[in-house]
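Got your viewer open? Let's walk through this one stop by stop, selecting a few residues at a time.

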Amino acid sequence: MKAIKFRSQLPLNFFILNFKYLFMPQRKAPAKKIAAKKDAAQELLEFFEDGLKDMYWAEKALLKALPLMKVNASSAKLKTAIDDHIAETQQHVTRLEEVFAILGKKAKAEKCDAMDGLLKEGKSILKETEPGAVRDAGIIAASQKVEHYEIATYGTLATYASQLGHKDAVSLLKSTLQEEKNCDKLLSKIAVSEVNIKAK
């Protein structure tokens, strides 16, 4: 029986030059400390204010995105939930303005990269799903990612406000936090009881 000879189409020098990349374990580049920007926060209060600016931008951006989600939704319950959350989001913007006032600051928005990414993903989901129950499921998935980000952020901001002694700000932020949690639960209920079943 003749031995079968394997002929590689790659030249021998390829294997010689790339031996360490092909067969040797690669070392990861060492982690490096990142230098702070000139205007970086030095105290918790400054970092708290930065978070408020992010959320002020995020809530305003969400107000522009939610109507698009509603127009593309098919479920009547989902459309109603989006409508209700538009009204709540308008209130969230107002509450943030009140928190800024408590701090003696003018309300200012700074682009929130996290929310920007989530909203872009939500828009891409619309393109990737056919209208109907599957798209509704996509809208709920995208919306819940937004809710979870907001829940995490408002929880953190409320904790900072408490540590900084701003009781009125804590109350406002916790009110918004609870509404975000309620919206997330409602979206889950609509998904499980109706949308996901139809999307099968």
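Before you click anything, one cut-off to keep in mind: a residue is called buried under 20% relative accessible area, exposed over 50%, and partly exposed in between. Also remember that you're looking at a predicted model.

**The whole chain**

Start with a cartoon view. The secondary structure comes to seven helices and zero strands, so the pattern along the sequence is written α-α-α-α-α-α-α by the DSSP runs. Now colour by burial: 36% of the 200 residues count as buried. If you draw up a contact map, look at the pairs with a separation of 6 or more; residues 24 or more positions apart account for 77% of those contacts.

**Stop one: K70 and D83**

Select K70 and D83 and show their side chains. They meet in a salt bridge, with N to O at 2.9 Å. K70 sits in helix α3 (residues 44–72) and D83 in helix α4 (residues 76–102), so the pair ties together parts that are 13 residues apart in sequence. Is this pair buried or exposed? Neither, as it turns out: K70 has 28% relative accessibility, which makes it partly exposed, and D83, at 34%, is partly exposed as well. By the salt-bridge rule, the count comes to seven.

**Stop two: K111 and D116**

Next, select D116 and K111. Their side chains form a salt bridge too, at 3.4 Å from N to O. Check the accessibility of D116: at 16% relative accessibility, D116 counts as buried, because the cut-off for buried is under 20%.

**Stop three: E121 and K145**

Which residue does E121 pair with? Select K145 to find out: the two form a salt bridge, and their closest N and O atoms are 2.7 Å apart. This pair links distant parts of the chain, with E121 in helix α5 (residues 113–128) and K145 in helix α6 (residues 133–163), 24 residues apart. E121 is partly exposed at 31% relative accessibility, and K145 is partly exposed with a relative accessible area of 38%. While you're here, add K120 to your selection along with K111 and D116: salt bridges that share partners join these three into one network.

**Stop four: helix α5**

Now isolate α5. A quick geometry check: at 1.5 Å a residue, its 16 residues should span 22 Å, and the end C-alpha atoms are 22 Å apart, which agrees. Highlight its buried residues: M115, D116, L118, L119, G122, I125 and L126. What covers them includes α3 and α6.

**Stop five: α3 against α5**

Bring α3 back into view beside α5. Their axes come within 10 Å and cross at roughly 10°, so the two helices are roughly parallel to each other. To see the contact, select W57, A58, A61, L62, A65, L68, M69 and N72 of α3, then M115, D116, L119, G122, K123 and L126 of α5. Colour by class and you'll get 10 nonpolar, two polar and two charged residues.

**Last stop: N72**

Finish on N72, which lies in helix α3. What does N72 touch, not counting residues up to four places away in sequence? Select L126, R135, D136 and I139 to see its contacts. For R135, draw a C-alpha distance to N72: the separation is 7.8 Å, although the two are 63 residues apart along the chain.

Notes
Residues are numbered from 1 along each chain as its sequence is written. This is a predicted model: local features need pLDDT of at least 70, side-chain atom pairs count only at pLDDT 80 or more; totals for chains, interfaces and linings use all residues. Side-chain values use heavy atoms; hydrogens and water are left out. A salt bridge is a side-chain nitrogen of Lys or Arg within 4 Å of a carboxyl oxygen of Asp or Glu. Helices (H or I, at least four residues) and strands (E, at least two) are DSSP runs, numbered from the N terminus. Buried means under 20% relative accessible area, exposed over 50%, partly exposed in between (1.4 Å probe, protein chains only). The expected span of a helix is 1.5 Å times one less than its number of residues. Contact means heavy atoms within 4.5 Å. Axes are lines fitted to C-alpha atoms, for helices over the stretch in contact, and angles run from 0 to 180 degrees between N-to-C directions. Angles under 35 degrees count as roughly parallel, over 145 as roughly antiparallel, 65 to 115 as roughly perpendicular and the rest as oblique. Ala, Val, Leu, Ile, Met, Phe, Trp, Tyr, Cys and Pro count as nonpolar, Asp, Glu, Lys and Arg as charged, and the others, Gly among them, as polar.
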